[in-house]
Amino acid sequence: MLTLYFSGTGNSRYVAELFAEEMGCECLSIEEDADFGALIGAADAVAFVYPIYASRMPRILREFILAHKAALHGKKLVILCTQMGFSGDGARSLADLLDKGTYKVLYAEHLMMPNNINNCFIFPKTSDRRILRLKKAAQRRIRRVWENIKAGVVKKRGFNPFSRFLGLWQAAYLPLMDRVLKNAVHIDDDCTGCGLCVKNCPMRNLSLENGKAAAHGNCTKCYRCINSCPERAIAIYFRKKVHWQYHGVQDKRGNASA
Ligand SMILES: Cc1cc2nc3c(=O)[nH]c(=O)nc-3n(C[C@H](O)[C@H](O)[C@H](O)COP(=O)(O)O)c2cc1C
Ligand code: SF4
Ligand code: SF4
């Protein structure tokens, strides 16, 4: 078993590390500089952990899966999605990228984690108490996943027709959302040019130009920069400054980078 994950703000990394610890397997971020083709090729089963964005996976992971489709041929899959509330068929959206009959889903699950969207009033900040509760619940859920896999129990959350139906209306506007949000990063005059966002952006979408950060139309909307800029100088879609930032489950005072 190999565990691979993408995490914008730390939730999925937390879940991936819990799972890999239970399974006793290697755990890598897809952002790492590794020969993923060889690693996947050598594994019997691959677990993918990722955040749900409108019932779908982040574009960075979609591109990763398509680039490694050949290596994934014949693999057993475990799919673990993190969400703040509702995912529809988020786990199934990964399997949908692969050709039917070329993979076997051992287990798929959606796990509730804190909200990381910090610029929309519909999605309020998750309280510290709730973050703690969600962390504990994730630990219990991952233990259950591992026990079920060991016992040969197959569970495929998000694969039934009802989840499919619920996910489809969100997925319908995905291409539009991808197009709009690719270019939706704004940097205001408070940017000090510290370079933190440039270093941490998983898409290399940011660079320093004339002492300030600049965006280049390749955002995967992971919300990492907007949650970690010390000056709160980054906005996504809405130009207003954010009132709060989510710093992840690992260390509430630490860096939000995954
Ligand atoms: C652009 C975007 C879209 C999201 N869409 C959903 C969604 O449809 N349903 C949901 O429950 N959570 C949604 N979320 C919340 C994240 O899935 C959730 O907070 C996740 O655990 C973040 O994981 P990460 O910290 O590993 O990036 C969304 C977050 C972002 C940034
Ligand atoms: S993290 Fe904020 S202050 Fe630092 S370079 Fe990026 S936008 Fe500017
Ligand atoms: S610009 Fe910000 S939100 Fe977009 S991919 Fe980079 S770090 Fe993530």
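Here a trainee and a mentor talk through how the features of this predicted model get their labels.

Trainee: Let's start with the whole protein. What makes it as compact as a globular protein of its length?

Mentor: Its radius of gyration is 18 Å, and the globule rule gives 18 Å for 258 residues, so the protein is as compact as a globular protein of that length. The C-alpha trace spans about 55 × 40 × 35 Å along its principal axes. Ten helices and ten strands make up the secondary structure, and buried residues account for 40% of the 258 residues.

Trainee: What share of the contacts with a separation of 6 or more is between residues 24 or more positions apart?

Mentor: That share is 74%.

Trainee: Now the helices. Why is helix 1 called oblique to helix 6?

Mentor: The axes of helix 1 (residues 11-23) and helix 6 (residues 128-151) come within 10 Å and cross at roughly 40°. Angles under 35 degrees would count as roughly parallel, and 65 to 115 as roughly perpendicular. A crossing of roughly 40° fits neither range, so helix 1 is oblique to helix 6. The crossing is right-handed.

Trainee: Which residues meet there, and how do they divide into nonpolar, polar and charged?

Mentor: From helix 1 come Tyr 14, Val 15, Leu 18, Phe 19, Glu 22 and Met 23, and they meet Ala 138, Gln 139, Ile 142, Arg 143, Val 145 and Trp 146 of helix 6. The contact divides into nine nonpolar residues, one polar and two charged.

Trainee: Why is Trp 146 called partly exposed?

Mentor: Trp 146 has 18 other C-beta atoms within 10 Å. Buried takes 20 or more and exposed takes 12 or fewer, so a count of 18 falls in between and Trp 146 is partly exposed. Leaving aside residues up to four places away in sequence, Trp 146 touches Glu 22 and Met 23.

Trainee: How do you know that Cys 229 is buried?

Mentor: Count its neighbours: 24 other C-beta atoms lie within 10 Å of Cys 229. The cut-off is 20 or more, so Cys 229 is buried. Cys 229 sits in the loop between helix 10 (224-228) and strand 10 (234-236). Not counting residues up to four places away in sequence, Cys 229 touches Leu 196, Cys 197 and Ile 234.

Trainee: How far from Cys 229 is Cys 194, in sequence and in space?

Mentor: They are 35 residues apart in sequence and 9.0 Å apart in space, C-alpha to C-alpha.

Trainee: What makes the phi of Asn 210 and of Lys 221 worth a look?

Mentor: Most residues other than glycine have a negative phi. Asn 210, which is not a glycine, has a positive phi of about 50°. Lys 221 is not a glycine either, and its phi is positive at about 55°.

Trainee: Where do they lie, and is each one buried or exposed?

Mentor: Asn 210 is in the loop between strand 8 (206-209) and strand 9 (212-215). With 6 other C-beta atoms within 10 Å, against a limit of 12 or fewer, Asn 210 is exposed. Lys 221 is in the loop between strand 9 and helix 10. Its 23 other C-beta atoms within 10 Å meet the cut-off of 20 or more, so Lys 221 is buried.

Trainee: Which residues of helix 3 are buried, and what do they pack against?

Mentor: In helix 3 (residues 59-67) the buried residues are Arg 59, Leu 61, Phe 64 and Ile 65. They pack against strand 3 (45-51), helix 4 (69-72), helix 5 (92-95) and helix 8 (174-182).

Note on methods. Residues numbered from 1 in each chain as written. Chains lettered and ligands numbered in written order. Predicted model: local features only at pLDDT ≥ 70, side-chain atom pairs only at ≥ 80, totals over all residues. Axes fitted to C-alpha atoms, helices over the stretch in contact; angles between N-to-C directions. Helix = DSSP H or I, 4+ residues; strand = E, 2+ residues; numbered from the N terminus. Parallel < 35°, antiparallel > 145°, perpendicular 65-115°, else oblique. Left-handed = near helix turned anticlockwise from the far one by under 90°. Contact = placed C-beta atoms within 7 Å. Nonpolar A, V, L, I, M, F, W, Y, C, P; charged D, E, K, R; others polar. Rg over C-alpha atoms; globule rule 2.2 N^0.38 Å.
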